[in-house]
Amino acid sequence: MKILKQNKLLKILSLNSISVIVSFFLGIASTKIVSVFMGTSGMALLGSFKNFTSMFKSMSTIGISNLVVKLVVENKNDKKELSIIYSTFFWVFLLISVVLGSVVLIFAGFIADFLFFNNKCVIPIQFFGLLLPLVIINAFWMAIYNGLEEFKKIVFIQIISNILVFGLTAFLIWKQNIFGGLLSVAFIELIMVIVTFLFVRRDKAYFQFDLKRIISKKYFDAILKFSSMALLSAVIVPMTLMLIRNHIVNQNSIEEAGIWDAVNRLSSFYMMIFSSGLSLYYMPKLASLKTDNEFKDELKSYFKVFVPLFVIMLIVVFLFKGFMIDLAFTPAFSRIKEVLVWQLLGDLLRIMTLAFGYQIVAKAMIKKYLIIEITFNLLYLFLSYYLVRISSFEGALQAYFFANLFLLVLIFYIFRKLFLVKY
């Protein structure tokens, strides 16, 4: 208990554990429902739509969460400055989300052909376009909570939202099968913004700002600086996954693409145990650090405490993979047991690079960010295109491992001077 109280990272992870446990079991139950009612092909279509919605959500917010957290941390005691920050972000990003939502509505038929290989499921895409402005509102509120380190409220919002999203997803899949599953993805943000609003209404003092204020050039320039990083990730990450999925479908079958998606889904279960806690802790923490020595101290804590915990968790997942896969999926997905090791190893390497990644974002190291993001995704894509032809969908998992291995070496090289800094 003493270690828990002294180590803020562990404290936040333990606080976040309730939300993670709820999300984990709801995710297992949701995956089981998808695998039973939608099958391997439905898993692939659902994964494709989630990648698409993720891309447009990220494009509409273009780094709002990380940048708002950074600015709130730096100006939390200056209400006048916070009001200017909030007003600038609100109007700029609301406009962006409305424009992007209109684009989705106009090109819904084309998007459906690309994602689902036909245009029969246009309605979920249209609903998503209509609801896209809600993404910015929810991301805006949650970023303010994060910047103010209101971690308990964030956890409660996550728990309530996840329970309601699961209920809606289960109901729509039960009633409408694949179409219902796709529709549930479009409605997720509506549920989340309603839940968050219930909390925001009680904390009006945190969120008050003058809507009539003009957009501040100072913060607009900051948005432009961060947006170059966020826009790249918004497009390249989900697009890479969509292209890999379509390549697996073209080279093999949509069923094998569904199994690959199932591996990614299983990975998301255990990754969220740590990544959600990290996002709560590291962005505010790193934004407040001033020197390389401070970052080195934080890095030591990360590798001494966090990485060993993650390794233990991966070992448990590997040892009990048969039980977990049988619990979450149908027999049609049994091949996951044979290939999961590639994903586990790739995720371990991924976690080792995250501490540096958060520092790059927090300190707006644009050049380093562009190099890392472009290199990883292009390597992941090209290796997948090559290895899928040799090893089917397992090739994409192998590509993920090798791309992360190269990324870790690249990051150590980029930050090599940090390790030469003396206290």
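Which hand does the crossing of α6 and α7 have, right-handed or left-handed? Keep that question in mind while the whole chain is on screen, and bear in mind throughout that this is a predicted model.

**The whole chain**

Begin with everything selected and a cartoon drawn by secondary structure: the chain holds 16 helices and 0 strands. If you then colour by solvent accessibility, buried residues make up 54% of the 423 residues. Among the contacts with a separation of 6 or more, 84% join residues that lie 24 or more positions apart.

**Confidence**

Next, recolour by pLDDT, for which the chain has a mean of 81, with 85% of its residues at 70 or more. Confidence is lowest in helix α1, residues 2-6, where the mean is 45, and highest in helix α16, residues 394-414, where it is 93. Select residues 1-6 and you have a stretch with pLDDT below 50, which makes 4 contacts in the model beyond its near neighbours in sequence. Where pLDDT is low, the predicted coordinates should not be read in detail.

**Helices α6 and α7**

Now select residues 108-116, which form helix α6, together with residues 122-147, which form helix α7; their axes come within 9 Å and cross at roughly 120°. An angle over 145 degrees would count as roughly antiparallel and one of 65 to 115 as roughly perpendicular, and α6 and α7 are therefore oblique to each other. The opening question can be settled here, since the crossing of α6 and α7 is right-handed. To see the contact itself, show side chains for A108, G109, I111, A112, L115 and F116 on α6, and for V122, I125 and Q126 on α7. By class, this contact has 7 nonpolar and 2 polar residues, and no charged residues.

**Helices α15 and α16**

Move on to helix α15, residues 366-391, and display it with α16: the two axes come within 7 Å and cross at roughly 155°. That angle makes α15 roughly antiparallel to α16. The crossing of α15 and α16 is right-handed. In the contact of α15 with α16 there are 18 nonpolar, 6 polar and 2 charged residues.

**T31, in helix α2**

Select T31, which you will find in helix α2, residues 8-37. T31 has a relative accessible area of 0%, and since burial requires a value under 20%, T31 is buried. Leaving aside residues up to four places away in sequence, T31 touches M43, R265, F269, A328 and F329. Keep M43 displayed for the next stop, as M43 is one of the residues that D261 touches.

**D261, in helix α11**

Which residues does D261 touch, not counting those up to four places away in sequence? Centre the view on D261, whose place is in helix α11, residues 254-288, and the contacts to look for are M43, A44, G47 and R245. D261 is buried, with a relative accessible area of 7%.

**D292, in helix α12**

Finish at D292, which belongs to helix α12, residues 292-319. Is D292 buried or partly exposed? Its relative accessible area is 42%, so D292 is partly exposed. As a last step, draw a distance between the C-alpha atoms of D292 and K417: these residues are 125 residues apart along the chain, and the C-alpha atoms are separated by 9.9 Å.

Technical notes. Residues are numbered from 1 along each chain as its sequence is written. This is a predicted model: local features need pLDDT of at least 70, side-chain atom pairs count only at pLDDT 80 or more; totals for chains, interfaces and linings use all residues. Side-chain values use heavy atoms; hydrogens and water are left out. Helices (H or I, at least four residues) and strands (E, at least two) are DSSP runs, numbered from the N terminus. Buried means under 20% relative accessible area, exposed over 50%, partly exposed in between (1.4 Å probe, protein chains only). Contact means heavy atoms within 4.5 Å. pLDDT is the predictor's confidence in each residue, from 0 to 100. Axes are lines fitted to C-alpha atoms, for helices over the stretch in contact, and angles run from 0 to 180 degrees between N-to-C directions. Angles under 35 degrees count as roughly parallel, over 145 as roughly antiparallel, 65 to 115 as roughly perpendicular and the rest as oblique. A crossing is left-handed if the near helix is turned anticlockwise from the far one by less than a right angle, and right-handed if clockwise. Ala, Val, Leu, Ile, Met, Phe, Trp, Tyr, Cys and Pro count as nonpolar, Asp, Glu, Lys and Arg as charged, and the others, Gly among them, as polar.
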